[in-house]
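This note offers comments on the structure shown below. The points are numbered so that each may be read beside the model.

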Amino acid sequence: MNHLSPTHSTNISRNLRHKLTTLLLIASATTLAFCPIRQAVSAEKERTPNIVLIFIDDMGYADIGPFGAKAYQTPNLDKLAAEGRTFTDFYVPQAVCSASRAGLMTGCYNVRVGIQGALGPNAKIGINPNEMTMAELCKQKGYATACYGKWHLGDRQPFLPLQNGFDDYFGLPYSNDMWPYHPGVRHLSMEERVKRWPHLPLYDKNEVVNAQVDDKAQEQLTTQYTEKAVSFIEKNKDRPFFLYVPHSMVHVPLYVSDKFKGKSGAGLFGDVVMEVDWSVGQIVDALHRNKLDDNTLVIFTADNGPWLSYGDHAGSAGPLREGKGTMWEGGCREPTIMKWPGKIPAGTVCHTPAMTIDIFPTVAKLIGAKLPDHPIDGKDIWPLMTDQPGAKSPHEAYYFYYGSGLKAVRSGKWKLVFPHEYRTLNGRPGGTGGIPTNYQQATTPLALFDLEADPGETKNLVEDHPDVVQRLENLADRIRAKLGDSHRKIKGKENRPPGRV
């Protein structure tokens with residue numbers, strides 16, 4: 001009797017309330033019995049959307065067909081782009097594994113939440129339990145949640161997916177090269193190798209189901225993640241779900257199942273990308289088969305650009321400068337596609353900058369979940385995703401840290417790069433057969449680039465636009481006060497610690 005005030009309720013006898021409730025229930029049931037269409041429509045309106053987030057490891061900007069790949073086919077991603085929206089200027093907050101994933105999962109710049117670089121085996125830090133992950137965000141609304149793939153936010157139990165909002169987990173706790181067969185330790189005895197890189201474990205939920213992942217096991221990872229994802233969709237088709245598939249590929253060492261070996265005609269890297277493309281197709285087909293397409297947001301993106309020192313085992317950043325481990329465009333701008341039939345316009349392109357930190361608050365809005373009480377950095381980009389008239393970036397600027405040093409700031413078409421050292425091949429080819437070439441260090445001066453005219457960051461316009469430089473410098477000073485900048489020995493006031501064991 002929600003429509004009765006407390007005062008009225010106290011004046012009505014228990015029996016009368018019971019009779020009124022009974023009559024209301026009968027009337028309601030009778031109405032629903034004669035209005036099945038209305039009931040179905042009501043249920044459809046009440047159901048919040050499913051979220052499917054596919055996150056590729058070390059994928060270069062030009063590694064898939066919609067972004068320029070020519071040497072091999074990516075038909076499923078081509079179709080996803082044709083039926084969805086591609087984002088040409090979509091970024092990660094930092095071009096390295098753990099830092100990038102921290103930003104994605106929390107909606108924060110990774111420096112805010114204390115996660116830097118790529119956490120190694122038995123790291124004493126990880127995602128702080130006080131941070132709200134995207135899975136925990138979705139759990140507010142009763143979502144089923146699963147992670148199948150590479151986690152890399154800490155491998156101690158408090159940091160693993162099941163302790164951070166996920167109902168199910170299957171995959172590797174960190175990068176697939178963090179094992180005794182790493183190129184850097186191959187010359188050592190196995191006894192010495194495992195002191196640096198212990199054996200690579202495969203997890204099912206909180207349990208290690210394979211304590212020593214080998215070559216054969218790695219060949220099956222993409223297939224296993226995909227099969228788990230499809231099974232999860234089928235099992236949870238009648239309730240809202242959040243499915244996170246952070247593939248281990250195309251990170252080195254590259255492995256592919258027998259069904260794709262030699263299929264691309266473009267070497268092992270091409271074979272691996274084709275299997276990832278197949279995986280996307282399997283997941284999208286499962287949504288279609290279970291009639292979930294129209295109520296599911298699918299997002300495809302990557303954690304950072306190509307690991308260029310690996311040469312023929314690495315991807316391509318296409319027209320962009322440098323790759324993984326740098327905050328030049330080739331390191332932090334990712335090939336991104338989003339699809340939601342009827343909501344996201346098919347076959348469209350967004351050139352407005354956006355970042356993975358924006359997915360968290362956008363999902364919160366879509367499902368009606370409450371954001372955490374602490375500050376986050378991402379903002380709702382739903383107007384950009386749906387191509388609403390006049391949609392603009394909700395950010396005045398994006399900030400690019402590497403480690404704890406501020407490397408660059410982007411506002412609109414302008415990117416100001418601050419003086420810093422970075423790694424580069426300096427025009428030399430990368431390695432072959434899975435053995436990398438050594439980088440060398442280079443230094444950049446203060447540099448301003450017009451990314452609309454010069455996405456390759458080749459022409460420094462600092463002298464031509466001093467007003468733009470000053471405006472971006474002022475924006476950078478604001479973020480330095482909040483999150484710090486090791487280059488200028490500034491400590492931030494809003495940084496939060498990682499989790500510790």
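1. A residue is called buried when its relative accessible area is under 20%, exposed when that value is over 50%, and partly exposed in between. R480, with a relative accessible area of 1%, is therefore buried. The reader should keep in mind that this is a predicted model.

2. The pair formed by R480 deserves attention beside this value. Its side chain meets that of D477 in a salt bridge, at 2.9 Å from N to O. Both residues belong to helix 15, where they are three residues apart and thus separated by about one helical turn. D477, in contrast to the buried R480, counts as partly exposed, at 40% relative accessibility.

3. A further salt bridge involves helix 15. The side chains of R488 and E473 meet at 3.7 Å, N to O. E473 is in helix 15, whereas R488 lies in the loop between helix 15 and strand 19, so this pair ties together parts that are 15 residues apart in sequence. Is each partner buried or partly exposed? R488 counts as partly exposed at 40% relative accessibility, while E473 is buried, with a relative accessible area of 16%.

4. R496 and E131 join parts of the chain that are far apart in numbering. Their side chains form a salt bridge of 2.8 Å, N to O. R496 is found in the loop between helix 15 (466–483) and strand 19 (499–500), and E131 in the loop between strand 3 and helix 7 (134–139), so the pair ties together parts that are 365 residues apart in sequence. Both R496 and E131 are buried.

5. The division of the protein comes next. Domain 1 covers residues 50–392 and domain 2 covers residues 406–500. The centres of the two domains, taken over C-alpha atoms, are separated by 24 Å. Domain 1 contributes 40 residues to the contact, and domain 2 contributes 32 residues.

6. How much area is buried between domain 1 and domain 2? The value is about 2900 Å², and carbon and sulfur atoms give 50% of it. On the side of domain 1, the residues that lose the most area to domain 2 are R112, S309 and W328, which together account for 24% of what that side buries.

7. Polar and charged pairs also occur between the domains. Across the interface of domain 1 and domain 2 there are 25 residue pairs in polar contact. The count of salt bridges between domain 1 and domain 2 is four, and a search of the whole structure finds 30.

8. Which elements of domain 1 supply residues to the side that touches domain 2? Strand 2 (85–91), helix 6 (110–113) and strand 3 (125–126) each supply at least two. Helix 6 gives the most, with three residues. By residue type, this side of domain 1 divides into 20 nonpolar, nine polar and eleven charged residues.

9. One last salt bridge leads to a wider group. The side chains of R410 and D89 meet in a salt bridge at 2.9 Å, N to O. R410 and D89 are also members of a network of salt bridges that links them with E329, R333, K415 and E457. The reader may wish to locate these residues in the model.

Notes: Residues are numbered from 1 along each chain as its sequence is written. This is a predicted model: local features need pLDDT of at least 70, side-chain atom pairs count only at pLDDT 80 or more; totals for chains, interfaces and linings use all residues. Side-chain values use heavy atoms; hydrogens and water are left out. Domain bounds come from an automatic or database domain assignment. Contact means heavy atoms within 4.5 Å. Buried area is the accessible area (1.4 Å probe) that two parts lose on being put together, summed over both. A polar contact is a pair of N or O atoms within 3.5 Å; within protein, one must be able to donate a hydrogen and the other to accept it, and residues adjacent in sequence count only if both atoms are side-chain atoms. Helices (H or I, at least four residues) and strands (E, at least two) are DSSP runs, numbered from the N terminus. Ala, Val, Leu, Ile, Met, Phe, Trp, Tyr, Cys and Pro count as nonpolar, Asp, Glu, Lys and Arg as charged, and the others, Gly among them, as polar. Buried means under 20% relative accessible area, exposed over 50%, partly exposed in between (1.4 Å probe, protein chains only).
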